[in-house]
Amino acid sequence: MLFWKKMPSLWIGSKINTFQKYETAHSIAAIKIYITFCLFSKTNEDGVRTIALTYTDICKTACLSRSLVNEGLKILFAEGLIKNLSMSVRKKLYTVDVDGVLKDGWAKIPFGGLVSEDGTIAAFASMHNRYGFELIALQLYLYLLYARDNNNDYTLARKATITTKLKCRTPELNKAITYMIHIGLLKTIKQKIVEERPTEIFHDSFYFYMTSAGKNAFTYRKKPIVEVSDDDLPF
């Protein structure tokens, strides 16, 4: 089973709120297309990941109309988040690796648990593609993947920090979180217990658990082929 795919993430820390300046439906389309490209990219002989999806393919996978696909692509090109590598006018070959081979500055985006066996993204099919809380939900999803510690299956974050990053209000954030759980992007959230101040029940740090292929899907590592004993270590 494919647990996750690489997603360029350095831009998220500084540009995740840039989608607010566009029409809501268009920004929703842009993020859905970006996630789709990250999930269905294939590495070419140069090590760059490319996406050879047609408009019809994008419409089906991202659950968008052709007009929204067109507007979403415009935003991604304008913000420098994708490139077209094709020399042909009619056939597009997209990439999210806009700076070449992606060696660092990337996050893991779940594949198993998000992409169905028929190649569709169920969470996207549930969206109306026009509400502000839907846009905040998608922005939050990218931010949580970006902010996750690679040693854990969850992301620990403060709501105050998130609202600042996304430029939204706490009630809007709470609605987006509930919506993410409803459509299946988010599995659950748990409030952090402040050990030194157990009576501080309104502390706004939370553990966010994204939907994935299963336990340890984010942190699974293959065992090394050769195991070196402590006696053989040179230090």
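These legends go with several close-up views of a predicted model. In this model, local features need pLDDT of at least 70, side-chain atom pairs count only at pLDDT 80 or more, and totals for chains, interfaces and linings use all residues. Residues are numbered from 1 along each chain as its sequence is written, and side-chain values use heavy atoms, with hydrogens and water left out.

**View 1. Helix α6 packs against helix α8.** The two helices, α6 (residues 132-147) and α8 (residues 170-183), sit with their axes 8 Å apart and cross at about 75°. That makes α6 roughly perpendicular to α8 (the word covers 65 to 115 degrees). Axes here are lines fitted to C-alpha atoms, for helices over the stretch in contact, and angles run from 0 to 180 degrees between N-to-C directions. Helices are DSSP runs of H or I with at least four residues, strands are E runs of at least two, and both are numbered from the N terminus. Contact means heavy atoms within 4.5 Å. On the α6 side you'll find F133, E134, I136, A137, L140, Y141 and L144, which meet E172, L173, K175, A176, I177, Y179 and M180 in α8. The tally for this contact is eleven nonpolar, no polar and three charged residues; Ala, Val, Leu, Ile, Met, Phe, Trp, Tyr, Cys and Pro count as nonpolar, Asp, Glu, Lys and Arg as charged, and the others, Gly among them, as polar.

**View 2. Three strands make an open sheet in the order β7-β9-β8.** The pairing is antiparallel; two strands pair if DSSP finds at least two bridges between them. β7 (154-158) and β8 are the edge strands with a single partner each, so one side of each has no neighbour in the sheet. From one strand to the next, the twist averages 25°. Between β7 and β9 there are five bridges, and L156 stands opposite Y207 in β9.

**View 3. Helices α6 and α7 pack on the sheet.** α6 lies across β7, β8 and β9, at about 100° to β9. Helix α7 (residues 159-166) touches β7 and β9, and its direction makes about 85° with that of β7.

**View 4. The second largest pocket holds about 200 Å³ of space.** Its lining is D153, K187, T188, Y209, M210, S212, G214, K215, N216 and F218. β8 (186-191) and β9 (205-210) each give two or more residues to this lining. By class, that's three nonpolar, four polar and three charged residues. A pocket is an open set of points on a 1 Å grid over the protein atoms alone, where a 1.4 Å probe fits, with protein on both sides within 12 Å along at least five of seven lines; lining residues have an atom within 4 Å of a point. Points are joined across faces, edges and corners, and a volume is the space filled by probe spheres set on them.

How values were computed:
Angles under 35 degrees count as roughly parallel, over 145 as roughly antiparallel, 65 to 115 as roughly perpendicular and the rest as oblique.
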